[in-house]
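Reader: Could you take me through the aromatic side chains in this one, up close? I'd like to see how the rings sit and what surrounds them.

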Amino acid sequence: KAVVSTQSTGIPWLTSDSYFQFAEPTEMQRAKFTVFIGALHGRLHAKAVAYIFNTMFGSVMSVTIDTDRHKYPTGSGRITFSCRESYTKAIVANFVQIDAKKLSKKVQIEPCIDGQKCCTCKQEDAPNFCKEEQCFEYFCNECWEQHHYKFENMSHVPIRRKNRFEI
């Protein structure tokens, strides 16, 4: 039998690397100014992400790196900004290239569609986000249909939260 040798590199990770804050965000800031970030490199800890995104967009309040049940990073996270301007700049960018000594990675930025309320009815959970400049808000399904039934909004495509059973 031939023996195949493979080499793997473990990336050291402390549980404290999963969260960093410049300041404690308010509930309103968490609900209105949080973005999802995906395709993070395993070497990027929350403090590094906070400084990088603060340099690019300003007003970062906190960063949370998502972890698995073993507290190891999954490659995604959330950033909360203190103001709409920084939040908007980040979402409009959609992707950012992070280049450092030991890594180079293109990171995705999307609105965080996780428990936000509809901008219109303020009651319903809002699984849709409209990225168009004239909207740039979260909508429940019913309000999305009503608001985007107008001719000038019909071409808008929602960014939707995926149901865990969707592929």
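Author: Let's start with F139: in this predicted model its relative accessibility is 2%, so F139 counts as buried. W144 comes out at 5%, so that residue counts as buried too. F139 and W144 make an edge-to-face aromatic pair, with 5.7 Å from centre to centre and 85 degrees between the planes. The structure holds nine aromatic pairs.

Another of these pairs is F53 with F57, and this one is tilted: the centres are 5.8 Å apart and the planes meet at 45 degrees. Both belong to helix α2 and are four residues apart, which means about one helical turn separates them. Helix α2 covers residues 46–57; its 12 residues should span 16 Å at 1.5 Å a residue, and the end C-alpha atoms are indeed 16 Å apart. Its buried residues are A46, V49, A50, F53 and F57. Look down the axis and those buried residues fall within an arc of 100 degrees, so they line one face of the helix. Just past α2, G58 has a positive phi of about 80 degrees.

Elsewhere, F33, Y87, F129, F136 and Y138 come together as one aromatic cluster.

There's also a ring with a charge over it: the charged end of K106 sits over F95, 5.1 Å from the ring centre. K106 is the bridge partner of Q97 in β6. Strands β5 (residues 95–99) and β6 pair in the antiparallel sense over five bridges, and a hairpin joins the two through four residues. β6 (residues 104–111) also pairs with β2 (residues 34–38), antiparallel again, over four bridges; there I37 stands opposite I109.

Notes. Residues are numbered from 1 along each chain as its sequence is written. This is a predicted model: local features need pLDDT of at least 70, side-chain atom pairs count only at pLDDT 80 or more; totals for chains, interfaces and linings use all residues. Side-chain values use heavy atoms; hydrogens and water are left out. The expected span of a helix is 1.5 Å times one less than its number of residues. Buried means under 20% relative accessible area, exposed over 50%, partly exposed in between (1.4 Å probe, protein chains only). The arc is that of the directions from the helix axis to the C-beta atoms. Two strands pair if DSSP finds at least two bridges between them. Rings of Phe, Tyr and Trp (its six-membered ring) pair if their centres lie within 6.5 Å; planes under 30 degrees apart count as stacked, over 60 as edge-to-face and the rest as tilted. A charge sits over a ring if NZ of Lys or CZ of Arg is within 6 Å of the ring centre and within 35 degrees of the ring normal.
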